Amino acid sequence: MTDNDRRPGKIIAVHLNYPSRIAQRGRKPTHPSYFLKPSSSVAASGDVIERPAGTELLAFEGEVALVIGTTAKNVDPAEAWSHVGSVTAADDFGVYDLRAADKGSNLRSKGGDGFTPLGPDLIDARTIDPAALRIRTWVDGVLVQQDTTAGLVFPFDQLIADLSQLLTLEPGDVILTGTPAGSSVVAPGQTVEVEVDAPDAPGTPSSGRLITRVVQGSVVPGAFGAGPQLDDLQRAEAWGSREAAGLPPVPERFVLTPELRDKLSSVGTATLSAQLRKRGLDTVTIDGVHPTHPGERMIGRARTLRLIPNREDLFESHGGGYNAQKRAFDTLGPGDVLVIEARGEAGTGTVGDILALRAQVLGAAGIVTDGGIRDLAAVTALAIPAYSRGGHPAVLGRRHVPWDTDLTIACGGTAVQPGDVIVGDDDGVIVIPPRYVEEVVDAAIVQEREERYIADRVAAGESVEGLYPMDAAWRKRYEEQAR
């Protein structure tokens, strides 16, 4: 299928579709989403694929490929399958080292020559049930992927109907329909085989084995653009898991239960600060920041983003595409507070309305930055609370390079680690290490109860001498009243 006259006009790939893969990635799409691969990426069974020099994360994805037989435009799901001429095997190869500059397009990471092997044989779509296909992948003869199309989140007829509302599907176009769990990294010298079959159909029609051998390339991409970039997120996603990538497991996160949230919401940061000070923790406030929502309380678990001082060459390599800033916002979860290290530099924005909206949609509990906020009025109008040093119209690149995420940072003069509990109110923002939360909040509740008693006595005309703090006599009176 490599002759120019047999290349598809367009190749459309689905991001996530198999439940097993979705479970690995930890994010379930509500609608299908797509990307395009160039027709020049098509290869045939028996061809080789080059892993670009300077990269390490070439990953395979065995997939069912649909080949359009007749033109489809604005079709209904009920008639969609009739526009499929044939089915075959595909391998959606990608280099995760090159994802950073793609901005979600996957052009650089998945569009290289030879990155879409197809074939070797075609299965007549009229002879099979589209919900009864099997996809299998082998690496060096070992079965690593096996699933069926019975439980797809987005069935084939939905994909065809959805795409045909936007563009005309023409004969020869190819739709790659997603990959199951088991996708991982391969190295030069290894061989990947993919097969699609219909085990319950008469004659067990099959695509045959689609064979691709991996070789080492000699060209390092990025001489005239963005070069390879690696981080632990890319390693984990390329290999399929942190364990498979040889990375240490993520430490079990402290669970901020609804009960603890309720307790924290009942006390002020001033009281929490006093209780932390009694335990030897005095540098736990994020100083110099002000709320967009005065009068509101912010409570959540810390996620972190580190910005380094701008340097033009570093911004060129790390500032564009799906950079650390975008990844930080895009991976927030319910109850997370994104804390941004901006070194107290308020001379530019560190977050604007679009990313703040993304955090809100994902259910995040707040944003804290010791830098500026761009689009301050729009961010203030959102439901999500934010703390910053004030507004500034300039973009991030004026002062910062987005560098890395989910590591220990410094914000407003204090250290913040992922998983720390962040509490904000009109007095400011405080950082509570998880192991102190329960005892600190319980002690803070007791302290505020005592202080309300003291305030009532002062309002009644009592002197503060011996009352604030309470001496033995006053404490005895308080405890007797509290019984």
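**Reading a sheet, a cavity, a pocket and two cores**

Author: In this predicted model, three strands form an open sheet in the order 8-5-14, with antiparallel pairing. Its edge strands are strand 8 (94-95) and strand 14 (185-186), each of which pairs on one side only.

Reader: What holds strands of a sheet together in general? And how many bridges join strand 5 to strand 8 here?

Author: Strands of a sheet pair through backbone hydrogen bonds, in either a parallel or an antiparallel arrangement. In this case strand 5 (residues 58-59) and strand 8 run antiparallel and are joined by 2 bridges.

Reader: Which residue in strand 8 stands opposite Ala59?

Author: Gly94 does.

Reader: Next, the nonpolar cores. What do nonpolar side chains tend to do in soluble globular proteins? Which residues have the most contacts inside the largest nonpolar core of this model?

Author: Nonpolar side chains in such proteins tend to be buried together. Here the largest nonpolar core has 43 residues, and Val64, Leu66 and Val87 have the most contacts inside it. At least two residues of this core come from each of strand 1 (11-14), strand 6 (62-68), strand 7 (84-91), strand 11 (134-139), helix 4 (156-164), strand 15 (191-197) and strand 16 (210-216). Helix 4 gives the largest share, 5 residues.

Reader: Which residues does Val87 touch, not counting those up to four places away in sequence?

Author: Val87 touches Val64, Ala65, Leu66, Trp81, Asp121, Leu122, Ile123, Ile128, Leu133 and Val196. There is also a second, separate core of 21 residues, with Ala364, Leu382, Ile384 and Ala386 among them.

Reader: Now the empty space. How many cavities of 30 Å³ or more does a search of the whole structure find, and which residues line the largest cavity?

Author: A cavity is a space where a 1.4 Å probe fits but cannot get out, whereas a pocket is open. The search finds 1 cavity of 30 Å³ or more, and the volume of the largest cavity is about 30 Å³. Its lining consists of Asp97, Leu98, Arg99, Ala100, Ala101, Arg108, Ala226, Gly227 and Gln229. By class, that lining has 4 nonpolar, 2 polar and 3 charged residues.

Reader: What volume does the second largest pocket have, and which of its lining residues are closest to its centre?

Author: The volume of the second largest pocket is about 350 Å³. It is lined by 15 residues, of which Pro52, Leu98, Gly112, Val219 and Pro221 are the closest to its centre. The lining of this pocket divides into 9 nonpolar, 3 polar and 3 charged residues. Leu98 is also one of the residues that line the largest cavity.

Conventions:
Residues are numbered from 1 along each chain as its sequence is written. This is a predicted model: local features need pLDDT of at least 70, side-chain atom pairs count only at pLDDT 80 or more; totals for chains, interfaces and linings use all residues. Side-chain values use heavy atoms; hydrogens and water are left out. Two strands pair if DSSP finds at least two bridges between them. Helices (H or I, at least four residues) and strands (E, at least two) are DSSP runs, numbered from the N terminus. On a 1 Å grid over the protein atoms alone, a cavity is a set of points where a 1.4 Å probe fits but cannot get out, and a pocket is an open set with protein on both sides within 12 Å along at least five of seven lines; lining residues have an atom within 4 Å of a point. Grid points are joined across faces, edges and corners, and a volume is the space filled by probe spheres set on the points. Ala, Val, Leu, Ile, Met, Phe, Trp, Tyr, Cys and Pro count as nonpolar, Asp, Glu, Lys and Arg as charged, and the others, Gly among them, as polar. A nonpolar core is a set of buried Ala, Val, Leu, Ile, Met, Phe, Trp, Tyr and Cys residues joined through side-chain atoms within 4.5 Å. Buried means under 20% relative accessible area, exposed over 50%, partly exposed in between (1.4 Å probe, protein chains only). Contact means heavy atoms within 4.5 Å.
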